[in-house]
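Visitor: I am new to this structure and should be grateful for a close look at a single part of it. Would you please take me through the surroundings of the ligands?

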Amino acid sequence: MAAGMDLTDLHCHSTASDGTSRPVEVVRIAKGIGLRAIALTDHDTLAGIEEAAAEARALDIEFIPGCEISLDGVPGTFHMVGLGVDPANAHLRERLDFVRQGREGRNAEICEKLNRLGHRVTMEEVAAEAGGDVIGRPHFARVLVKRGVVREMKEAFDRFLGKGKAAYADRERLPLPEALAAINGAGGAAVLAHPYTVGFPDDAAWEKWLREMAAAGLDGIETVYTEHSAADEARFRGLAKRCGLLESGGSDYHGENKKNTAVGTGKGGLRVPYALWEALRHRARSRKRGPRP
Ligand code: AMP
Ligand code: FE
Ligand code: FE
Ligand code: ZN
């Protein structure tokens, strides 16, 4: 890794949700490639935080507790990352519990649909595949691969699990103001994840929406992201500037569940300056000291 510049990764998953590396492993990889700080942002859970934080203390690397929450209300996919949240915050924990409960009925529905399609999948084996706090579609996908129903996870999403496909089921999501309040209230910075998936038709629509989001408590958007082209990055950087938002960045590491995406470096060229985290942290801390103007 390039010397002389402090780097971080502000978006990573572990076995606590739908990644395949243990929380300790994510921290070890980050330390091994020389990052100054590493965030763990599992979907809908803080279950990996304690383990990761302990390893980070032992290895002397800064650890950033986080989570990722799925929302709706945009044309495409809308995820929000919370960074620097207090993992003991009761309100955030309660809201994440609620979201995880919402997965249960939905997972049963996916299971039933797969069985009706003739694929004898049980919730027990999907839960065993997940092994952590959160069962999600990637775990169904892995079971389907193991069964030989599909060759690879992507095919499982394309044929069965993707939005609108044969075994798709939706789940209850937090309303946007609740997600922002939960993250901000736990002292965290709220960041729009992978904006390339959000799907607004043009910059005018983007700008209108981002200004509303900024007023509601959004702190930043991921400009530096594994799947962003240089053009995407520049576009979202411009939008962030115009809308008073900070930048964030991360790999969205999922281990074997997202092949060819590494901690810190993404597909190889990703570099997330530590300074992005400093600015986000500063904004989140300023909010804690007093009400917003
Ligand atoms: P869930 O949270 O259970 O709705 O599952 C969503 C997760 O599935 C995302 O966070 C990704 O990790 C993964 N995912 C979504 N779409 C795909 C896809 N087309 N191929 C592989 N993984 C996907
Ligand atoms: Fe995921
Ligand atoms: Fe996401
Ligand atoms: Zn993610």
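Guide: A molecule is said to sit in a pocket if more than half of its atoms lie within 2 Å of the grid points of that pocket. In this predicted model, ligand 1 sits in the largest pocket. Two elements, α3 (90-116) and α5 (137-146), each give two or more residues to the shell around ligand 1. That shell is made up of D18, H43, R103, R106, G136, R137, P138, F157, R171 and H254. By character, five of the shell residues are charged, three are polar and two are nonpolar.

Polar contacts may be considered next. The side chain of H43 has an N or O atom 2.9 Å from an oxygen atom of ligand 1. For R103, an N or O atom of the side chain likewise lies 2.9 Å from an oxygen atom of the ligand. With R137, by contrast, the partner is a polar backbone atom, and an oxygen atom of ligand 1 is 2.9 Å from it. On its own, ligand 1 has 500 Å² of accessible area, of which the protein covers 76%.

The shell leads on to the metal sites. D18, H43 and H254, which belong to the shell around ligand 1, also coordinate the iron ion (ligand 2), through OD of D18 and NE2 of H43 and of H254, at 2.1 to 2.2 Å. Along the chain, these donors follow the spacing D-x24-H-x210-H. D18 is found in the loop between β1 (7-9) and α1 (23-32), and H43 in the loop between β2 (37-40) and α2 (49-59), so this pair ties together parts that are 25 residues apart in sequence.

A further iron ion, ligand 3, is separated from the iron ion (ligand 2) by 5.6 Å. The protein donors of ligand 3 are E68 (OE), H79 (ND1) and H194 (NE2), which lie 2.0 to 2.3 Å from the ion. Their spacing along the chain is E-x10-H-x114-H. H79 belongs to strand β4 (residues 78-83), while H194 lies in the loop between β5 (189-192) and α8 (203-216); the two are 115 residues apart, and the pair links distant parts of the chain.

Definitions and conventions. Residues numbered from 1 in each chain as written. Chains lettered and ligands numbered in written order. Predicted model: local features only at pLDDT ≥ 70, side-chain atom pairs only at ≥ 80, totals over all residues. Heavy atoms only, no water. Near = heavy atom within 4 Å. Polar contact = N/O pair within 3.5 Å; in protein donor to acceptor, adjacent residues only side chain to side chain. Areas by Shrake-Rupley, 256 points an atom, 1.4 Å probe, with all protein chains shown as cover. 1 Å grid on protein atoms, 1.4 Å probe; cavity = no way out; pocket = protein on both sides within 12 Å on 5 of 7 lines; lining within 4 Å. Helix = DSSP H or I, 4+ residues; strand = E, 2+ residues; numbered from the N terminus. Nonpolar A, V, L, I, M, F, W, Y, C, P; charged D, E, K, R; others polar. Donors = N, O, S within 2.8 Å, 3.2 Å for Na, K, Ca; no water.
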